[in-house]
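Work through the exercises below with the sequence and the model open beside you. Try each task before reading its solution.

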Amino acid sequence: MQVKLKNLSFSYQNKFIIKKISYSFESGKIHFINGKNGSGKTTLLKLIATFLSPVYGEIEYNNIKFKKFKMESRNKISYITHLPMLYPELTLEENFKFFKKLYSIDKKEDLRKNFNLLPYNDMQVKKYSRGMKQKASIALSLLKDTDIFLFDEPFSGLDIESQNILNEYIINLSKEDKLIILISHHVRNMDNCIYYNLENGKIAIAD
Amino acid sequence: MEKLRLLISLISLHLKNSFRNPQKILYLVFFSFLIVVIFAFSFDLSAKLAYKITPGIIWTVIILGSTNILAESFKEESENSIFYRFLLSPVSMTSLVITRMISNLIIIIVWEFLIISLIFIFLNLNTDFDTFWFILTIFTGSVGYVMLTTFFSMIVSENKNVFMAIIIYPLILPLLMGLIKMTSAIITNQINSEFFFWLKITVGFNVIYFAVIIILTEIVFESE
């Protein structure tokens, strides 16, 4: 899998947040993008996730143009964030049941167990702590068997044990030849990783 | 078949979610009950006058009682960023909006049955009119109103400062005029050509609303 950015630019309220980025992200590696708050990390990820459309330039997914990919194949993307992305009135089990049906997932899951969420399966999500909601959301997002995994600050708010579990999971995904782009304003030491800096809308491989 | 099963699970998800949070349902019941009681005890209505104002009361209660609830149709998706999950799923946003309209319609129809019964009891009205046309009128009006309000609730779901009534009320005005005329004709047993004229207008509005919603939903999500 390859995601190619060609002169990609994005502006919001007449201000360019992403400025003519050209780069090719390849699968089998973890692409770790670091940058200050407001540097455009989340915007870049949302563009790749097809939630936003480029103002100028193009994004290609295995040589498929952005518009075509968005129309036909955007469900091949997993977007993992620190946001809850779960129905708070429903229990965790009900959330999983519904979204598994939505994505037609029939895969054996292990993250719910590894994150120690199984004892809280029948509790309404609104009663969870922030960290538990985040773990539940990550466990659900990672159930999708996709080619592209986009992580937006997945470690923030997680305890050390959960961070390590997630770390290991991401490394294993990269070994399965998945394309992984991870953004964070805290640099983490990870195997199989290429580090980038995003500053003033431009991306560069970090030293 | 699989797609139909998915759409049914989308409807049942919203229904389950709505009934888990009884505040909304209780608001619907108590608000409308309050309006009915105020009308019933504020005026000493003669039977003739009661029949004249009942269509207005029915539609005032339905519209005022349900606008706030329907305006929050996508509140949970918006507040908890669940839209991202739907955007990256095989289900189109149009399917999400249509299934939400259906689940809203189910809730509103059940509530309308309760509240209209209360209106007839409190205003001491008899029901010796054609119930088929009455139910059809209430259903047709509710379909149009629920469709429009659900659609706009999706549009403004990211903007909490928008007051839904300002958008919705001018748009449903033509529909509302027809509905009051039709309801009045039914309960006074005066179903004539004018009734069928308004029925066609109402159905016509519903078809237009539905077509516009189908066309616009993906465009709205595309632009956000």
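## Exercise 1: The make-up of chain B

Task: Describe the pattern of elements in chain B, and decide how its radius of gyration relates to the globule rule.

Solution. Along its sequence, chain B runs α-α-α-α-α-α-α-α-α. Counting by type gives nine helices and zero strands. The next step is the comparison with the rule: for 224 residues the globule rule gives 17 Å, and chain B has a radius of gyration of 18 Å, which is close, so chain B is as compact as a globular protein of that length. Along the principal axes, its C-alpha atoms fill a box of roughly 60 × 35 × 35 Å. Of the 224 residues, 36% count as buried. Finally, take the contacts in chain B with a separation of 6 or more: 84% of them are between residues 24 or more positions apart.

The model is predicted. Chain B has an average pLDDT of 88, and 97% of its residues score at least 70. The model as a whole scores ipTM 0.91 and pTM 0.88.

## Exercise 2: The make-up of chain A

Task: Find how many helices and strands chain A has, and test its radius of gyration against that of a compact globule.

Solution. Chain A contains six helices and 10 strands. A compact globule of 207 residues would have a radius of gyration near 17 Å; the value for chain A is 17 Å, so the two agree. The box filled by the C-alpha atoms of chain A, taken along the principal axes, is roughly 50 × 35 × 35 Å. As for burial, 40% of the 207 residues count as buried. Among the contacts of chain A between residues at least 6 apart in sequence, 74% join residues at least 24 apart.

## Exercise 3: Where the chains meet

Task: State how many residues of each chain are in contact with the other, then describe the side that belongs to chain A.

Solution. Begin with the counts: 18 residues of chain A are in contact with 17 residues of chain B. On the side of chain A, the elements that give two or more residues are β6 (77-81) and α3 (92-102). Helix α3(A) supplies the largest share, four residues. Sorted by class, this side of chain A has 14 nonpolar, one polar and three charged residues.

One residue of α3 of chain A can now be followed in detail. Phe99(A) lies in this helix. To classify its surroundings, count neighbours: 22 other C-beta atoms lie within 10 Å, and the cut-off for buried is 20 or more, so Phe99(A) is buried. Leaving aside neighbours within four places in sequence, Phe99(A) is in contact with Leu140(A) and Arg85(B). The C-alpha atoms of Phe99(A) and Leu143(A) are 9.6 Å from each other, with their positions 44 residues apart along the chain.

## Exercise 4: A helix pair in chain B

Task: Work out whether α7(B) and α8(B) are roughly parallel or roughly antiparallel.

Solution. Helix α7 of chain B covers residues 131-155 and helix α8 of chain B covers residues 164-187; their axes come within 10 Å and cross at roughly 175 degrees. Angles over 145 degrees count as roughly antiparallel, and therefore α7(B) and α8(B) are roughly antiparallel to each other. On the α7(B) side, the residues that meet α8(B) include Trp133(B), Phe134(B), Tyr145(B) and Phe152(B). Among those that α8(B) brings to the contact are Met164(B), Ile168(B), Leu175(B) and Ile186(B). By class, the residues of this contact are 14 nonpolar, six polar and no charged.

## Exercise 5: Positive phi angles in loops

Task: For Ser104(A) and Asn124(B), give the loop in which each lies, and classify each as buried, partly exposed or exposed.

Solution. Take Ser104(A) to start with. Its place is the loop between α3 and α4 (111-114) of chain A. Its phi is near 55 degrees, a positive value in a residue other than glycine. With 13 other C-beta atoms within 10 Å, Ser104(A) is partly exposed.

Now take Asn124(B), in the loop between α6 (93-122) and α7 of chain B. Asn124(B) is not a glycine, yet has a positive phi of about 55 degrees. The count here is 10 C-beta neighbours inside 10 Å, and the cut-off for exposed is 12 or fewer, so Asn124(B) counts as exposed.

Notes
Residues are numbered from 1 along each chain as its sequence is written. Chains are lettered from A and ligands numbered from 1 in the order in which they are written. This is a predicted model: local features need pLDDT of at least 70, side-chain atom pairs count only at pLDDT 80 or more; totals for chains, interfaces and linings use all residues. Two residues are in contact if their C-beta atoms, placed from the backbone, lie within 7 Å. Ala, Val, Leu, Ile, Met, Phe, Trp, Tyr, Cys and Pro count as nonpolar, Asp, Glu, Lys and Arg as charged, and the others, Gly among them, as polar. Axes are lines fitted to C-alpha atoms, for helices over the stretch in contact, and angles run from 0 to 180 degrees between N-to-C directions. Angles under 35 degrees count as roughly parallel, over 145 as roughly antiparallel, 65 to 115 as roughly perpendicular and the rest as oblique. The radius of gyration is taken over C-alpha atoms; the globule rule is 2.2 Å times the number of residues to the power 0.38. pLDDT is the predictor's confidence in each residue, from 0 to 100.
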